[in-house]
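Trainee: I should like a close look at one part of this protein, namely its helix packing. Please take me through the relevant geometry in one connected account.

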Amino acid sequence: MCGIVGYVGQRSASEVVLGGLARLEYRGYDSAGIAIVVPGNSLVSHKKAGKLSVLRDELEANPLAQGTTGIGHTRWATHGPPTDANAHPHLADGGKLALIHNGIIENFDELKSELQAQGEQFHSDTDSEVAAVMLGRAFHETQDLTLAMRAVVARLEGAFTLLGVHQDQPDVVVGARRNSPLVVGLGQGENFLGSDVAAFVAYTDKAMALGQDQIVTITPDSVTITTFEGDPATAAQFDIDWDASAADKGGWSSFMAKEISEEPEAVANTLRGRISPEGTVTLPDLDSLLDQGGEITRIIFIACGTAAYAAMLGAYAIEKWSGIATTVELSHEFRYRDPAVGPTTLVVSVSQSGETMDTLMAVRYAAEKGAKTLSICNTQGATIPRESDAVLYTHAGPEVAVASTKAFLSQVIAAYLLGLYLGQHNGHISAADSALLAKDFDALPGQLQEMVETGGRIKELAGWMADTRSVLYLGRHVGYPVALEGALKLKELAYIHAEGFAAGELKHGPIALIEPGQIVFVIVPSPRDPSSLHAKVVSNIQEIRARGARVIALAEKGDAAVLPHADEVIALPFASVFMEPLLAVVPLHIFGMELAAAKGLDIDQPRNLAKSVTVE
Ligand code: M6R
């Protein structure tokens, strides 16, 4: 939450910073602001409530003075409403210093009272301004931004990334991080700071992920990292494996539309180089983890939102293919219930951003308890993979729309690969079954492409449902996480009440919700499925149909048993049990997007949300 950019070099800082903010706006869009150090010792700043476009319009009408050092911020409001005054940067030291912040300073109340008692005045409701005032005071004493930052962080509690500039040190940006992300972009004669690499990917493909409790000082020609105590420190350098165009809309009407179109490719990328035609899975990171010894007797997935639904599918597959007991927990529930976790537990976090604070805290908790930790993540250099024992990158490419789509599919694939790997490692899965799955995986990108092409039909459906006030989603077994995912997309994008249910649960209460006209999406298992689930779901359809529901079935092509009972059928290609949910979810992603479009809502930036949830 909140996007942060810092720049020092030879270019126009406002151009670099505003460009970076545009790429980071998915992290928060309640307000935006910028501060530039102007040669000749002055500092200019401008900030506005609302989206970045509001700030841009303002700056077009009243351009800022130019400089080559600057910082910028997009906000997701925590303390204080989204107003101009609460927007960042916050100024201090008589307007000579500017500071931006991502996170929550938990002891800000106490610090604020202390500063007020010493005569300091505040102009916002934010926790962040406290850090600005403290940095201003510390600079006054030390005349050095790095030393001043060290003095400030020593007093802060909570989660923070802070960036500061001061007009008296014109070629310097100082950053600090604890529990919130900060990456460094390495250029030639210029350096960058950002909440993630999207901030500077247009200028460099070399980056460093700052560690926990580190301070970084960038000038055009140097990057210096120290601990909060001032000891020299290092950070891992990495190459960014996507370019700026991957983070552009590329002619699509929204990032979400683009990212749905990339679902087949995302799956292919997650699979690439990891499974042979015979089905043998190669995961070098897992080899190293297992080489450290110790049996894995239990797997716990931790994740939030869409990532948790991906984890559910992964858990079903892992338990089946490896025989290892596997469960899924919401990250924010996990560590508060004193779970029985130990050295034989593998805790697998799933997170697109790799920065979700709830998940990060759960990973740290698991590590403290001695568990092995594996991160399934899409973002290089993010905190969760950096702090985990092993990582399985999904390689889905940047996901900018707040609603997660292609990341979901790639997370499921990564978890499936993990299940197959473990099953092959402990001999639970046969070579013949592995080979069949390899064929299924191979066919998947093409089949997903067929589903992406159902877009026109789904758009029509969404068009006639624009006034709908409630939509239900039903599924059993692997259809259940898909139902949850479909409902979440509708809630977050179209602001419509939507619920996903396990179809077997219907008769235990939710069926009372069914009244004439209620729209219900049903994910129907293949009639070829050897279990009797298909027949059970068809019965569920009849039960709700008898009570007036309008049923939209997602069913295998030619499933004659469903046709008489459904108002609409969206046909799915023939696929095996674990592939079907990946196919069924695509039209539900499209449906969420199209219903939001039909209601005239902002698809990429739904209200109240942010892409990367870096507060607990
Ligand atoms: O970055 P993460 O995968 O950890 O994010 C987890 C959730 O916040 C995220 O999936 C959220 O539920 C999406 N907005 C859903 O579309």
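Mentor: The account below begins with the packing of one helix against two others and then turns to the surrounding features. Please bear in mind that the model is predicted.

Two packed helices are described by the angle between their axes and the distance between the axes. Helix 13 spans residues 406-425, and its axis comes within 10 Å of that of helix 18, residues 580-598, with a crossing of roughly 165°. Helix 13 and helix 18 are therefore roughly antiparallel to each other, since angles over 145 degrees are counted in that way. The crossing of these two helices is right-handed. On the side of helix 13, the contact is made by Phe408, Leu409, Val412, Ile413 and Tyr416, which meet Pro581, Leu582, Val585, Val586 and His589 of helix 18. By class, the residues of this contact comprise 9 nonpolar, 1 polar and no charged.

The second partner is helix 9, residues 305-322, which packs with helix 13 at an angle of about 20°, the axes being 8 Å apart. Helix 9 is thus roughly parallel to helix 13, because angles under 35 degrees fall in that class. This crossing, too, is right-handed. From helix 9, the residues in contact include Thr306, Ala310, Leu313, Gly314, Ala317 and Trp321, and those from helix 13 include Phe408, Val412, Ala415, Tyr416, Gly419 and Leu422. The contact of helix 9 with helix 13 has 14 nonpolar, 6 polar and no charged residues. Phe408, Val412 and Tyr416 of helix 13 take part in both contacts.

As to the wider setting, the protein is divided into domain 1 (3-247), domain 2 (255-452) and domain 3 (455-598). The centres of domain 1 and domain 3, taken over C-alpha atoms, are separated by 45 Å.

Charged pairs also deserve attention. The structure holds 21 salt bridges. One of them joins Lys51 to Asp602, with 2.3 Å between the closest N and O atoms. Lys51 lies in the loop between strand 3 (42-49) and helix 2 (52-61), and Asp602 in the segment after helix 18, so the pair ties together parts that are 551 residues apart in sequence.

Two points of backbone geometry complete the account. Most residues other than glycine have a negative phi, and most peptide bonds are trans. The bond from His88 to Pro89, however, is cis, with omega near 5°, and Pro89 lies in the loop between strand 4 (69-75) and strand 5 (90-92). His477 has a positive phi, near 50°, and is placed in the loop between strand 20 (470-475) and helix 16 (479-494).

Notes
Residues numbered from 1 in each chain as written. Predicted model: local features only at pLDDT ≥ 70, side-chain atom pairs only at ≥ 80, totals over all residues. Heavy atoms only, no water. Axes fitted to C-alpha atoms, helices over the stretch in contact; angles between N-to-C directions. Helix = DSSP H or I, 4+ residues; strand = E, 2+ residues; numbered from the N terminus. Parallel < 35°, antiparallel > 145°, perpendicular 65-115°, else oblique. Left-handed = near helix turned anticlockwise from the far one by under 90°. Contact = heavy atoms within 4.5 Å. Nonpolar A, V, L, I, M, F, W, Y, C, P; charged D, E, K, R; others polar. Domains from an automatic or database assignment. Salt bridge = Lys/Arg side-chain N within 4 Å of Asp/Glu carboxyl O.
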